[in-house]
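New to this one? Here's a quick briefing to read alongside the sequence and the 3D view.

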Amino acid sequence: MLTATLKDQAAMFRERRFATFFTGHVVSKLGDAPVPVAFALAAYQVSHSAAALTWVLLSLWGARFFLVATGGRLADRHNRVKVMIGADLLRLFAQGALAVVVVSPLQLQSWHLCVSAALYGAGTALYNPAQIGLTPELVAEDRLQRANGLLSLVADVGFLLGPVLAGVLMSTVGFSWILWLDVASFLVNLVCLLRLVRLYTPLRRTAPAPAADPAPDGTAPAAEDDHRFRAGFAVMARYPWFSFGMALWFVVSLGIGLTAVAGPVIAVESLGGAGAWSVLATCLAIGSLLGSLGVMSTTKQHPWKAASVVVTLGAVLQFVALTLRDELPTAVLGASFALCALTTAACGIVWDTAYQSEIPERYLSRLGSVDNFVNAAGIPAGMLLGGLFADHYDTVFLGVSVLLVLLCVPAARLAGHGRKATA
């Protein structure tokens, strides 16, 4: 079993297009890894206040929120690799310009960090939907889940290494070197993407889409030339399983944002201090890594019907454990955090693979932008919920759990009712 899995992994990397894309992706993600923590430390050093960090985060998430629709529209209308090249040029400029300011005689100010974060967020909003649509064009369908697992694994490793790298680099070479390393990683990714331009032929250029592509329920198709963001929601109406899946993921994202705020508060007030939150955060990271590894290690493509139930159970169990925090040891809470992160990571890969397999290629980036939009809205909304209802966490945990269960039922029932139409 293990030998067959390793052989299948090696076969994917013998495909030059995927190997080229993946090489640049790995380098870019490793360069990005220390950036979030480094930005947080730099923001605090500049202002000596948490307010600066808040504005930096708002700049990053705000840009992603408002431009993710544009990213999906551009990627569905144009060559996805070229869209990714433009997005990385924007992110390279954001980090490079800030690095110049840091090493110049100018005094670094909070607004410099905010502008850089906004440009970086804009680049990410353009890059991610294009990548979602590109991945199924680079690998065979039976290897798509494994490819998504590899991409998720890289993100998990970066999440684990990021704080350590940021701490070491900030205390030795300084903030500017972290920015220059990120710039260098973008340059490597750009070289790989430029090479990919020569290797990659967009599917929609080789076979024009048919004039009519009936939805699984027999309804008339949306206009093929409508590339506006709202057209993505019209496509969603043709695939009810995707609509309910997105609603479920919105509440999951809401829970992630809520936990990010409520977790530290509960750790300090009920679990003995900041050290307890460090343990819980580590459990989250380890669980996410194990979830990606678990999906990657199997050749079987798991159904979204089962995954929708699993991700719901993982999140609900975590909220139950948080509600019973005074009766449970920290180790049990940590186990619930690890289980929730494991199921979220694994089921997220299954979800990506499901809609990349079942949605026509010409719609993928628009629906990918809806997917990114949901995360860009859900996590900050959950953070806001955690800040506003700090005195009523048990009630909020119960409410989110009920919402998850209510959405899980139609998401599971409708899953798998349609197969991919001819692109």
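What follows is a short tour, starting with the whole chain and ending with a couple of residues.

Keep in mind that this is a predicted model. The protein chain comes with 16 helices and zero strands.

**The chain as a whole**
- The protein chain has 423 residues, and 53% of them count as buried.
- Take the contacts with a separation of 6 or more: 87% of them link residues 24 or more positions apart.
- About 18300 Å² of the protein chain is exposed, with carbon and sulfur atoms supplying 70% of that area.

**A nonpolar patch on the surface**
- Five names to look for are Val100, Val103, Val173, Trp177 and Trp180, which make a nonpolar surface patch of about 480 Å².
- Two helices, α5 (80-103) and α8 (175-199), each bring at least two residues to that nonpolar patch.
- Valine 100, one of the patch residues, sits in helix α5.
- Valine 100 counts as partly exposed because its relative accessibility is 45%, which falls between the 20% and 50% cut-offs.

**A buried serine**
- For a residue on the other side of the cut-off, go to serine 288 in helix α12, which covers residues 274-296.
- Serine 288 has 17% relative accessibility, so it counts as buried; the limit for that label is under 20%.
- Which residues does serine 288 contact, leaving aside its neighbours within four places in sequence? They are Asp156, Ala341, Leu342 and Ala345.

How values were computed: Residues numbered from 1 in each chain as written. Predicted model: local features only at pLDDT ≥ 70, side-chain atom pairs only at ≥ 80, totals over all residues. Heavy atoms only, no water. Patch = residues over 30% accessible without salt bridge, like charges linked within 9 Å, V, L, I, M, F, W, Y side chains within 5 Å. Areas by Shrake-Rupley, 256 points an atom, 1.4 Å probe, with all protein chains shown as cover. Salt bridge = Lys/Arg side-chain N within 4 Å of Asp/Glu carboxyl O. Helix = DSSP H or I, 4+ residues; strand = E, 2+ residues; numbered from the N terminus. Buried < 20%, exposed > 50% of the residue type's maximum accessible area, 1.4 Å probe, protein only. Contact = heavy atoms within 4.5 Å.
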